Amino acid sequence: MIPASAPASERAATRLARRILHDPIGLFGLVLVLIVVCSGLFADWIAPYDPLKLAVRERMADPSMSHLLGTDQLGRDILSRVIKGSQIALLVGLSATLLSLLGGLLLGLLAGYGPRWLDNLLLLLFDAVHAFPVIMLALAVITLFGPSLVTVLLVVVTVTVPRYARLVRTSTLSIKHAEFILAERALGARAPRILLHHIVPNAIGPLLIIASMDIPVVITLEAGLSFLGLGVPPPAPSWGRLLNEGYSFIRDTPWIVIGGGLPLIVTTLGFTFLGETLRDLLDPKLRKAL
Amino acid sequence: MLYYTIQRVGLALLICIVAMTAMFSLVYVIPGDPASIALGPRATPEMRQALAARMGLDRPVPIQIVNFFGNVLSGDLGVDVWSNRSVATSVFESLPYTLALAAAGLGWSVLVGIPLGCYSAARRNSLLDKLSGVLSVGAISMPSFVVAIYSLLLFAVTLGWLPAIGAGEPGQPLDQLGHLILPALAVGLGWVGYLARLVRASMLEVLGEPHIRTARSFGLPERMIVFRYALRIAVLPTVTLLGTGVGSLLSSAVFAEIVFNRPGIGQLVLGAVNTRNYPVVMGAVLVTVGLFTLCTLIADLLVAAYDPRIRAGL
């Protein structure tokens, strides 16, 4: 990785931004992501009602000017719950991805730079985690630990860490024996310095791209578990929770499930389109690796 | 090939053993034990002890581990905490429903996705190619349970074309088929996108190779080149993907079962999770892990048998 001077990287950033804006798919993705992020950031200001406030008299109301997406079985405004739900989705998506990134980086470095037996052991563990269908692993963990935000995070991190660690391991192995690393070592550099100054900067680029493309996957998993009634506990208005509650009333009040599903579609489409465009622009090599 | 097979089977067994050990030891990570989890906070100590004794939890841990592996190998997955039924019976009763759903979902996506990918590669940059590219990404990223709920809402509730819930009357194939359509649609939609993209990419690569150029120079029709010569090679990455994709296929089948209220592994496990019936959850998880590992193994062996470069480790 060539260290870039500040003005050059600034130029690269504006160039990247311009190219995204000129790509219709990328632009579409960016707009969708911005909608979700903004509604998450400003939820308390834009939500027309308090998402937790009950109004039993107005329960199961059809969409109208006062309730754009109608109300649910307890009279709570669905649009407000959808907007507030983006906070939960983003919180889970970002925190889980960040945790997995750190875990994957650490384990990947250990596997790639550590002794051979540790590498083999870690690879076996990664394969074992990979042998579980994600939802089955999640259900087993939830049975034992009970449904909560922490359990959801635990599941997500367990499932994604092996993938990231493998990526880091591969890029570590690929430059471990490069001549400049040998030279560093000959100069007396220790493992932490070599890892931090040379190996991590090389591995972090593709890792960030892959992880950012995983954000919608994580959000979907949380929503899926909440749909099963096993994710973030009520009354938090998670999108999956909306689907779960609306599912019982699907015949008479379809607004609840429509309201719960739409933001999920918007989020996954937005992040995926934006991520794919970014990946193609930043690292054409990865396109084939995936 | 023999060496590769032995190596690959050994690895699969090892992975299963590690996964089983992990499932088993997960119980010891949590505060309390499966017996108190199942009974909940209001259980008396006597009830807890009785259940623990029935589940074999009162014996020393090493003996429990040996018993556990011995039982699993002889096909005994333990007993249901509540109904005292054998877990293996429950799991293998629901498994065919889940497998049928997964196969139906995969089947229609293969029938649509692979030709779509071939066509996109043959007519690169045509309108259909671009359209299918965008739609594929959309289909892949769409959560399968949202597809399931929306299709339930649209086709079963609003339009009333297809039945909404259940798996149909046993012994009436047409009724069962009708009940299978919507769940299979939800399970397979993402796969259409996956397959179309993967086949397109590998087809483009194959179409640039010398033997295809030779076939072209002989004046063979393009259709024959794509479907007879190129597809045979281009389909290989798909086989690998199908093997590793069984896991996500099972996951979306679980959701589809719950949305459409079909019997199957998903219903079984969700019910068990809600009653904290850990033996049933663990049994079902072990069976799906075994199934998944087996599918990955078969896919790898198939690809290796077909492509000598892989068994040589190239």
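**Helix crossings and a bend**

Mentor: H9(B) passes H10(B) in a right-handed crossing. This is a predicted model, so local features need pLDDT of at least 70 and side-chain atom pairs count only at pLDDT 80 or more, while totals for chains, interfaces and linings use all residues. Residues are numbered from 1 along each chain as its sequence is written, with chains lettered from A and ligands numbered from 1 in the order in which they are written.

Trainee: Why is the crossing of H9(B) and H10(B) called right-handed?

Mentor: Because the near helix is turned clockwise from the far one by less than a right angle. Helix H9 (residues 210-217) and helix H10 (residues 222-234) of chain B pack at about 145° (from 0 to 180 degrees, between N-to-C directions), axes 11 Å apart.

Trainee: What makes the contact between H9(B) and H10(B)?

Mentor: Ile212(B), Ala215(B) and Arg216(B) from H9(B), plus Ile225(B), Tyr229(B) and Ala230(B) from H10(B); contact puts C-beta atoms, placed from the backbone, within 7 Å. By class, that's 5 nonpolar, no polar and 1 charged residues.

Trainee: Over in chain A, what makes you say H7(A) bends, and where?

Mentor: At Thr160(A), axes fitted to the seven residues ending there and the seven starting there differ by about 30°, so that's the bend. Pro162(A) follows within four residues.

Trainee: How do you know what span to expect for H7 of chain A?

Mentor: Take 1.5 Å times one less than its 28 residues, so 40 Å is expected. First C-alpha to last, residues 149-176 reach 38 Å, close to that.

Definitions and conventions. Helices (H or I, at least four residues) and strands (E, at least two) are DSSP runs, numbered from the N terminus. Two residues are in contact if their C-beta atoms, placed from the backbone, lie within 7 Å. Ala, Val, Leu, Ile, Met, Phe, Trp, Tyr, Cys and Pro count as nonpolar, Asp, Glu, Lys and Arg as charged, and the others, Gly among them, as polar.
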